Amino acid sequence: MHQNLHIPKICCTFARFLRIKVLDMTILERAAALKQQVEAMKAANADELEALRLKYLSKKGEISLLFDEFKSVPKEEKAVLGAPINQLRQLAEARFNELKEQIANAVAAQTVAKEDLTRTPEPIALGSRHPLSLVREEIIDIFSRIGFTVADGPEVEDDKHVFSLLNFAPEHPARDMQDTFFIEKEEGVQKPTDILLRTHTSSVQTRVMTSQKPPIRVLCPGRVFRNEAISARAHCFFHQVEGLYIDKNVSFADLREALLYFAKEMFGPDTKIRLRPSYFPFTEPSAEMDISCDLCGGKGCSFCKGTGWVEILGCGMVDPNVLESCGIDSKVYTGYAFGMGVERIANLKYRVKDLRLFSENDVRFLQQFESC
C-alpha cells in the first residue's frame, strides 16, 4: 500500500520531464533554424534592412518570441537553453550592424560620385569683379582689336629699365627719394641703390624693346608705386596701362587715330578728343589727351571744371634717344607710346570720387559692381 501511494506522484514527475524535454528540443531547433536565417540575411537598401530588423529584433520579432517562450522553461534548464538563445541575439545584432554599415558606405560612395567636390558650399553668394579689373580688362580688349598684345614685367625693378633707358637725366626729380621707393641693399644703409619699386609700367616697354626686334605692338598693364601722401585724389600705389607701337613709318597721325578709337569705344561714339602739347622725357613730341565731358556734352560743368574737357592720358612719339638706348635704329624705325591710370578711367566711368575706395575692400562698395 505504501508503494502504491507514491505511483501517481512518480508518473506526474516523469510526464513533466518528458514535456520539458520536448519543449527544449523545440526551442533549440527553432534557435538553430533562426541562426541559419540570420547568417544568410541580406539587404540592398535601408527599407530591406528595416524589414529584417522588424522580423528578427523587434519586440514582436522571431528572437523576442523565442525569449518569451524561454521564460516558461524550468530554472534547472535555463542554463542550458539560455546560452544558444543569447548567442543567436548577439549574432543577429552583429549581422544587422554589418549590413547597416555596408548600406551606409554604398550610399556615401554614390553621393560622392554625383557631387562636384570642387564647387563652393551652398548657399553660393553672388560675387562681383573689382571695378579696376573691369576697367583694365575693357582697355585691354579695346586695344587687342587693333593688334596690341599684353606684356608683363616685374614690380621690383632697376634704375636702368625704369629711368636710364627712358632718357631720364641723372638729376631728374623722379629719381629723388620723395617720389620713388628705393630698396636698400642691406639693413642700415641709407644711401639709395639702383633697385626700386617701378614708378610706371614703361619699364615693361624698355624690357620689350631690349629683347625684341620691331615691329612691336604691346600693351603693358600693371601696378606702380610712388612715394606720395594717401588722400582722396592720390595714393602710394595705383594701376596703369601703357601702350607702345614701333615699326617703320609710324606717325603722330597713327597715334591720334588709335587714341580716338579707344575713346569712342570706352566712353561712347560721340566722344571727342583733343591733344595738348606737354613734356615727357621719353617722348618727343609729347601731348596730354583730353576727352569731351560726357556729363555736360562739352558745355562745361563742375566735373570738367567748366572747360568741357577731361584729361585721361599722356602720349607722344618715342624719343629717338630711347630707341637708340634700347638697341633700335631710330633712323629706320619710329613709334608712339601712351599711358593712362586705370583709376582715372574708372573714376570717369563709375564716378568714384575717392581713390581710397579702390583699395579698402569695403564690401558695400564692391557690391555695387555685381551686375557689371
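# A tour of strands and salt bridges

Begin by selecting R217 and Y245, since Y245 in strand β5 is the bridge partner of R217. What you have open is a predicted model, in which local features need pLDDT of at least 70 and side-chain atom pairs count only at pLDDT 80 or more, while totals for chains, interfaces and linings use all residues. Residues are numbered from 1 along each chain as its sequence is written, and side-chain values use heavy atoms, with hydrogens and water left out.

**The strands around β5**

Next, select residues 216-225, which make up strand β4, and add β5; these two strands run antiparallel and are joined by 10 bridges. Strands, like helices, are DSSP runs numbered from the N terminus, a helix being H or I with at least four residues and a strand being E with at least two, and two strands count as paired if DSSP finds at least two bridges between them. Now add residues 334-341, strand β9, which pairs with β5 in the antiparallel sense over eight bridges. Within this pairing, look for D247, which stands opposite T334 in β9.

Keep β5 (residues 237-247) selected and show its surroundings: eight of its 11 residues are buried, so the strand is largely enclosed by the rest of the structure. Here buried means under 20% relative accessible area, exposed means over 50%, and partly exposed lies in between, with a 1.4 Å probe and protein chains only.

**The salt bridges**

The structure holds 14 salt bridges, each defined as a side-chain nitrogen of Lys or Arg within 4 Å of a carboxyl oxygen of Asp or Glu.

Select E157 and R207, which form a salt bridge whose closest N and O atoms are 2.5 Å apart. This pair links distant parts of the chain, for E157 is in strand β2 (residues 156-158) and R207 is in helix α7 (residues 202-211), 50 residues apart. Is E157 buried or exposed? E157 counts as buried, at 3% relative accessibility, whereas R207, at 30%, counts as partly exposed.

Move on to D362 and R364, another salt bridge, with the closest N and O atoms 2.8 Å apart. D362 is partly exposed at 23% relative accessibility, while R364 is exposed at 66%.

Then select R136 and E137, whose side chains meet in a salt bridge at 3.5 Å, N to O. R136 has a relative accessible area of 32% and is partly exposed, and E137, at 34%, is partly exposed as well.

Finish by selecting R274, R276, D290 and E311 together, because these residues are linked in a network of salt bridges.
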